[in-house]
Amino acid sequence: MWFGHKSPPVASVALLSSTVQCQAPDHKASKQAVKTRVRFLLLIKHNSTDQSSSPIAVFIGVFVLAAEEHKSTWIQTWAQQTPSRNAILDETRRWKFPIPFILTDSLELNAKGVILQAFEEYRLRSCVDFKPYEGESTYISFTKLSGCWSYVGDDKKGQNVSIGERCDNKAIVEHELLHALGFYHEQSRADRDDYVKIWWDQIEEGKEHNFNKYEDDFITDLNTPYDYESIMHYRPLSFNKNESIPTITATIPFFNDVIGQRLDFSAVDITRLNRMYDCANTHTLLDQCSFELNNICGMIQNEDDNADWVQMLSSPADTDHTLSGRCRDSGYFMKFDTSSGVVGSSALLESRILYPKRHEQCLNFFYKMTGAAGDKLVIWVRTDDGTGTVHNVKKIHTITGDGDKAWKIAHVTLKVSEKFRYFFQGIRGSSNSSGAILIDDITLTETICPSAVWQIHNFTSLLATTPNGTPLTSECFYNPEGYSFGISVYPNGRDDAYSDYVGMTMHLCSGENDAVMEWPAMNRQVTIVALDQDPDVKLRMSSTRSFTTATSGATWDDSCQCHRGTDFGWSTFISHQHLRRRSFLKNDDLIITADFNDLTHLIKTEVPVIPTNGNNDITDGKPMNMVKLRQDVPKHREARSANPCHPNPCFNGGVCVEGKGKATCRCVFTMYYTGKRCDQMNLNRGIVGALVGGAAGTVVLTLAILTVIKRAQSNTF
Ligand SMILES: [Zn+2]
């Protein structure tokens with residue numbers, strides 16, 4: 001039993017038009033958007049006994065908005081008592097960074113994981129930062145209470161943010177944290193009546209306060225326009241008393257399908273946040289370039305090579321990636337011509353010197369290889385040689401052309417802790433090469449690259465030809481622990497009810513590490529992202545969903561004489577209508593990334609609140625403490641109980657697994673070690689044969705492997 005569903009997925013309802021739009025507006029899309037119909041999700045769980053008809057039991061559809069309500073009494077009381085103060089204008093209600101936080105153990109494990117994801121989005125797009133609580137007088141305690149809610153601004157004495165039932169969604173956490181940082185709902189603005197209509201008679205009784213408007217002597221818009229796309233805007237059906245009758249509608253009907261989006265921050269959300277907190281930089285964005293400007297972001301041509309990269313304008317023959325060739329006189333990329341010169345001739349394009357704060361980075365870029373198979377694109381880093389000169393080189397990754405001439409995405413992990421440059425080397429691979437190597441839209445972040453990246457070409461034609469209920473299945477990927485997993489995409493939904501949605505599910509594959517891995521694979525968080533391919537990573541509004549594995553959900557299947565876990569995901573991951581907005585289908589490619597991460601270390605995170613006299617705050621005035629703490633943050637070292645696996649008690653490279661406070665060792669399969677601590681050499685190869693047999697082929701989310709291992713163990717030991 002290993003694969004349960006801990007948290008119902010929440011579907012979002014809207015996205016926005018592309019930020020790069022040079023073509024005429026799509027009138028058809030606009031007309032569709034005029035309709036006020038908004039689909040929400042209902043949670044339906046397939047009967048666990050009814051799995052034989054399909055290997056996939058999906059939490060289908062859909063469910064309503066997570067009940068988001070604020071502590072209105074508090075807001076009102078505070079407003080009445082201190083009318084001249086404002087969460088935004090009053091600087092005493094602003095936070096100092098990093099903000100101390102507590103993840104109480106009332107939270108779902110999935111909620112703890114998505115809260116940490118939300119922190120990372122703040123660090124990527126702003127100067128907001130968070131650190132584990134260590135006795136400070138002010139902090140945020142994330143707690144599972146009734147619904148999703150937050151106070152507005154820093155209360156200076158420690159405050160709750162509630163991540164209640166069905167609130168464990170990254171975008172909802174981002175929304176609640178914007179409240180905590182000092183923001184009200186978008187429809188609370190003083191000028192909101194110019195942009196939306198509130199249908200007071202349709203609001204559930206007693207919930208009217210959620211539609212309060214605050215005058216401009218109380219809140220400020222930070223000189224930004226009304227933003228229908230804000231993550232702080234309500235959805236049309238929020239707090240309605242009649243199903244499908246809205247409580248709030250947009251003056252410009254197009255935006256009825258936009259308000260209430262819960263994908264990610266809008267561009268204006270980020271502008272406001274950075275204005276309020278005077279952010280000059282973000283924490284994790286190191287470099288970004290779409291090559292639109294003549295300075296090519298400070299990149300340089302190395303003079304020791306025998307060819308050059310050239311900044312090129314998009315043309316029908318070679319379209320750029322940033323604008324997909326849609327714009328005249330803009331849309332640049334870098335090109336290395338492989339049609340001439342000797343075989344092996346190369347060109348180097350080198351970044352400026354960069355200063356990392358963490359120890360791991362993800363270099364993300366798009367490339368296209370139009371020459372003969374065999375041309376190479378190599379990624380290198382050059383680091384400090386110990387004298388302060390960035391000189392030592394290290395090859396990181398090589399991409400070899402395979403004849404496929406489409407734009408492709410690459411994620412390359414760098415592990416650099418000192419100042420460095422990264423650079424691209426293009427190499428002409430054969431004498432009959434007649435094309436070029438193109439690169440565009442580079443992003444370098446101090447974040448961890450996703451374990452799985454799946455780029456599906458020609459998605460529009462797949463939408464036209466793939467029957468409802470039919471999945472496309474990815475190759476199998478590995479997570480950092482060694483588990484193998486894959487993704488299934490249903491272009492036209494998994495069943496008739498949601499044929500206008502793309503469904504997505506995750507399954508485990510059998511892999512080469514199965515004998516070593518812990519089964520059941522509990523307390524892992526699955527995160528799937530449909531990537532918004534906006535060239536500016538700060539403006540991406542990707543669709544992200546997460547759930548965690550638990551102990552329930554698998555049943556005995558007579559047909560295979562094995563336990564079979566159910567496949568989980570969302571049959572309403574993203575609607576066709578929304579998929580065509582923004583940059584989800586740039587160049588007609590859908591790009592999906594996924595992770596399968598161990599959250600075991602987050603099971604116990606709660607720490608007691610220490611009574612404070614206000615002197616143990618960690619603020620800007622104590623830089624040493626901040627430095628020490630920031631180093632901890634990237635590793636997500638949350639407070640945790642003593643771990644019996646530290647230090648590792650296993651011998652011979654055995655992997656230690658903690659369960660119920662006890663350590664057990666998974667012995668290295670290929671070296672035939674056995675015993676409680678992997679301290680005996682096992683010469684009985686029978687177990688190996690059984691395991692290899694059990695692991696052969698791709699098994700879609702099944703516990704057959706577990707059964708085989710258990711059987712083998714009981715026979716052998
Ligand atoms: Zn809210």
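In this predicted model, the secondary structure of the chain comes to 10 helices and 33 strands. Of the 717 residues in the chain, 46% are buried, and among the contacts with a separation of 6 or more, 76% are between residues that lie 24 or more positions apart.

One group of these strands can be followed in more detail. Five strands form an open sheet in the order β9-β12-β17-β14-β15, and their pairing is antiparallel. At the edges of this sheet stand β9, residues 300-301, and β15, residues 390-400, each of which pairs on one side only. Strands of a sheet pair through backbone hydrogen bonds, either parallel or antiparallel. Strand β14, made of residues 376-384, runs antiparallel to strand β17, made of residues 420-427, and eight bridges join the two. Within this pair, I379 stands opposite F424 in β17.

How much confidence does the predictor have in the chain, as given by its mean pLDDT? The mean pLDDT is 76, and 71% of the residues reach 70 or more. Two stretches with pLDDT below 50 are set out here, together with the contacts that the model gives them beyond near neighbours in sequence.

| Stretch | pLDDT | Contacts in the model |
|---|---|---|
| Residues 615-642 | below 50 | 30 contacts, beyond near neighbours in sequence |
| Residues 682-717 | under 50 | 59 contacts, beyond four places in sequence |

Although the model places contacts in both stretches, a careful reader should keep a general caution in mind: where pLDDT is low, the predicted coordinates should not be read in detail.

Conventions:
Residues numbered from 1 in each chain as written. Predicted model: local features only at pLDDT ≥ 70, side-chain atom pairs only at ≥ 80, totals over all residues. Pairing = 2+ DSSP bridges. Helix = DSSP H or I, 4+ residues; strand = E, 2+ residues; numbered from the N terminus. pLDDT = per-residue confidence, 0-100. Contact = placed C-beta atoms within 7 Å. Buried ≥ 20, exposed ≤ 12 C-beta atoms within 10 Å, placed from the backbone.
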